Amino acid sequence: MVKISVLQHVPSAHLPTRPGDPTPTSRNLDPLLHPFSRARERTRALNAVKMERMFARPFVASLEGHVDAIECMRMKPGSLSEVVSGSWDGEIIKHDLSTRTKGLTISQAHKGKVSGITYGQNSENVLSCGVDRNVKLWDSEGKALETFTGKTAFNAIDHHFTDPIFATASNTVQIWDETKSTALLNLAHSATTETITSLKFHHSEPSLLGSIGSSRTFTLYDIRSSSPIERQIVMAFQNTAIHFSPLLPTQLLLPSEDHNLYTFDLRYLKAPTEIYKGHVASATCAAYSPTGLEFVSGSWDRTIKIWNVKDAGGPSSNISGGKSRDTYHTKRMQRITAVCFTPDAQHILSASDDGNMRIWKADASKKQGIVTARERAAIEYRKALIGRWKGDREVGKVERRRFLPKSVYQAGKLKRTMVDARKEKEDRRRKHTREGEGKKVAERKKVVVTEQA
Amino acid sequence: MDSLFAKADAIQPLGKKRKAVHSSKSASSSKSTKPSGKDADDHTLSSIVKRTSTPKSLRIPEPSDASQVKKYSHIANKKLRTELVRQSTHNAQAKEMLADAEMLSMGERGMLEVENEMEKTWRVGQSEIASSAGGEAAKGKQEWKLDGGPYKSRYTKNGRHLAIIGKHGHAATFDWQAGTLHTELHLQETCRDITFLHDQSHFAVAQKKYIYIYDRDGVELHCLKSHIEPTRLEFLPYHWLLASVGNAGYLKYQDTSTGQLLVEHRTKLGSPSSMTQNPHNAVIHLGHQNGTVTLWTPNLPHPAVRLLAHMGPVASVSVDPSHEGGRYMATSGGDGTVKVWDCRNWKGAVREWSTRGGSAEVTWSAKGVLAVGSGGSVNTYTSPTIHAPHQDHRQPPLYLTHPIPHRPITSLQFAPFQDILTIGHADGLSSILVPGAGEPNFDSTEADPFENKKSRREREVRGLLEKIQPDLITLDTDFAGSLAPATNLVTQTQATLSGKNVPDVPFAKLPRMERLKVSGKADETEVVSDEDESGDDDDGEKKRASKEEREKRKMRGKGKSLKRYLRKQRKNVIDPTAVAIREKLGKQREQKRKAALAAISGEPMEERKPSALDRFKRAK
């Protein structure tokens, strides 16, 4: 007797049982039923990366109001929407990001430019300093509550994270109490002639203060100690600002006039932990994301760049350390003077010479607004695909390529040529020197010149 | 500053940190043995990951066989190594889950089983099969008696719709399961082939002069005038390409999504007698009048493979979709033989036998049943025996046979996901049941016989989005996503060692890989060993031993001073001494190799200086 069975599909098993039910699906993972799976996945990855670039529209809005170039800008602590800025004509404006409207305006807050701005102990109050040698404390109505007078023009101001004291930078670093009209402390060497251009308090070690001097130095102070200068490092080039990482208390970030940004480990100041290259003009400002995994930098070359912090343990990025994740620019944006992240790490603010403040998305292609679960799943799948296929030539090319303004592109090309030529010359010179003499110096070792005692 | 660091005990100067890590590790290990008081309660000491976790049922299982996961211990970069290990773990997990999913698939394959030696499957007739199959399956056995010459048929990818074409212009498409006719056309001219495009909504007919494309309702949409006198059609569903070959011997590819004629290849072998596609790599197989079979891709102007298969015209070609994705090909020739070929090795057929009644039609089913229609009957053969190499030219054991009185048999088509073979012949078409021929479990994302209108539309859009570019069609499909081949660039050091003269490229301008090689930092230990992965047989032990031995051999001589010097020397400098030493070591290695060779061949190695008299020596 022969056993016979013939394959048959019962239609009722493959059709919806009641009208309105979803049609049942069946899966068979046998690779023979899925030919070209690799090539098809690559096509999907290519589509995904192209879609990502297509959706990359980072510019959100521009906040107008200032007539002259904006010099400084600060987000209100604990607020997602309020930002205050000071400009070269001495005007201070508060903006609301959520409604994109102008709030309080103080015209002629200072004579000459407003060089620094920060919030007071009571975060309704604003502290501003100007080149007119005054620091002023403003209340929420725009009335000057207090005026602190210094001997020289002020360049920067920062408030302590907890105590009602603030620090100013002029030809010296001074610590002030909000309630006293004279400075509490004078931190800098009396012997030096350098001007302090920027300063910042540390987040997690609140008595630690960092400053940038005009003679290529950066200095760390402990404001509690009797001899406050802890470390003073002389670098090869002038830095423009100092920032402390909110995630890694030991990390500090220095945008520099040699077009690069440097991160240092506080415990080892002989060489930077990483050099971030990419700008083609002086990096004028920078700011950490509140997550500490990335930071943004603005430059004299009219672009904003976003970088992943090396070894911060962020989402594994496809950009290796030292290269920017993204570059933002727009036709009418001039030289960047100040940048900051919003406290939700979703947006970036930039202030520039053209008197406008601009809001950008931190992730250029991220969808704003409500995302349904299915859409989110699709977005995550696309992200995973890109991560998997980024090594493919075409996919990687689309992913990495950024179109830059012509001037920036040309300057970058010229810079690359010059750097290459310099390297080549160095190589040739080394080849023709006596053995053991022309030792190669690592790029990182060239950054720090010396440490001053 | 140090006071600050000291106060914040999480932050310690770098110099001390290393030690601190070691001590804390040992402390934690001692703690685990005897939890004491305060430390035992302090959960913040360890990560929260250990306290919180996903439910076990939702967790992806760890691969049960740890040896399946590659370790990549030769890679020094820790980050890269971790990533690679994570990937290989993921792959192992995916494999295990695939095995699980196979267990869950519900459909059962059809079969024909005999109880003892004396019973033969080929004695079982169609009526017996149909009566014992019953229900839905019995509907598969059908006879369509039609006028208008020998008929050909073609199924859609999901096996639900059938298109038929008669030689004298009778074309029809219908849903054979529901029994609804989509369209019926009387084209009043010679028609040679028919094929569906991506689904049942369009089909192409090779008519007397040109190819015509019709929609589901039989409205003529396009006339492809660049395809002249077409004889055979094939549609590549994942590339959206319609391939045709005509009497003049030109193979033409037309992109049906853009309408553009992609490429035309001149075969230079006259009118091809047969054509098929390999469904797994989209290569077109053509059989020619002079007995050759050629394999074509759109990217090569000449055949990728040319094979003399038969001593007469090649009547029919078919590729096995079941076994390792298109490994076997069957051909039949005018010389009355049927041959099975291994597509990886073209040296002679795996198996060949002769049939009665002249040239045959051949076709494979999804589960590897080979149907051969010749003379007055259709014979089928099953999978393991048909692939087994066999020397004498005897017919393989027969699985089923079915007489067809209407000669000639012009087409054989297995219905996808069914145990049905549709035979086109002079008197119409007949369908027979071949138990075990069809794949029982379909995948709704690829081809679903029960799909509704909405999912058909969805699949059409998705298919267009995932259309593979034609330049990816190659014999080996796995090249997408594999590593690029190494460059042939010669570095300075290699050149000086081998005595070649290359232009002086400065170190800074060398590509990164070359710079690493020059400075001795390149990771050249990467060995992709496929045999390691498949090494589950008994000689695994031996292999491991030999690997150890290899390691040992590698270690020997590491302590030599020259090599030590070189190891210390791997700075980014092209150092003349280092170069000289590398050269010297290379020479030594060469001498050693020669000595070893001499020892093997038994001849004493004599060091001989080149002499001017050498040219007068007799060549050996």
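## Two-chain model: annotated spans, interface and a sheet

The UniProt record, in an unreviewed entry, assigns residues 362–448 of chain A to the feature "domain: Sof1-like protein". In this structure, which is a predicted model, that span of chain A is 59% helix and 1% strand, and its end C-alpha atoms lie 32 Å apart. As for confidence, chain A averages a pLDDT of 91, with 97% of its residues scoring at least 70. Among the elements of chain A, the lowest mean pLDDT, 85, belongs to helix α1 (residues 11–14), whereas the highest, 97, belongs to strand β29 (residues 357–361).

For chain B, UniProt places the feature "domain: BING4 C-terminal", also from an unreviewed entry, at residues 398–477, and the feature "repeat: WD", again unreviewed, at residues 307–342. The table sets out the composition of the annotated spans.

| Span | Helix | Strand | Distance between end C-alpha atoms |
|---|---|---|---|
| Residues 362–448 of chain A | 59% | 1% | 32 Å |
| Residues 398–477 of chain B | 16% | 28% | 34 Å |
| Residues 307–342 of chain B | 0% | 56% | 12 Å |

Apart from these annotations, chain B is divided into domain 1 (121–433) and domain 2 (492–531 + 549–601), and the centres of these two domains of chain B, taken over C-alpha atoms, are separated by 57 Å.

The contact between the chains draws 62 residues from chain B and 48 residues from chain A. On the side of chain B that touches chain A, at least two residues each are supplied by α4 (78–104), β1 (111–113), α5 (126–133), α6 (135–138) and α8 (453–465) of chain B. Sorted by class, this side of chain B holds 32 nonpolar, 17 polar and 13 charged residues. Strand pairing also links the two chains: strand β1 (residues 3–5) of chain A pairs with β1(B) in the antiparallel sense over three bridges, and the bridge partner of A:Ser5 in β1(B) is B:Met111.

Within chain A, four strands form an open sheet in the order β11-β12-β13-β14, with antiparallel pairing. Its edge strands, each pairing on one side only, are β11 (156–159) and β14 (183–186) of chain A, and neighbouring strands of this sheet are turned by 25 degrees against each other on average, direction ignored. Strand β12 (residues 165–169) of chain A is joined by five bridges to strand β13 (residues 173–177) of chain A, the two running antiparallel, and A:Ala169 stands opposite A:Val173 in β13(A).

Conventions: Residues numbered from 1 in each chain as written. Chains lettered and ligands numbered in written order. Predicted model: local features only at pLDDT ≥ 70, side-chain atom pairs only at ≥ 80, totals over all residues. pLDDT = per-residue confidence, 0-100. UniProt positions renumbered as here; feature names shortened; annotations may be inferred. Domains from an automatic or database assignment. Contact = placed C-beta atoms within 7 Å. Nonpolar A, V, L, I, M, F, W, Y, C, P; charged D, E, K, R; others polar. Pairing = 2+ DSSP bridges. Axes fitted to C-alpha atoms, helices over the stretch in contact; angles between N-to-C directions.
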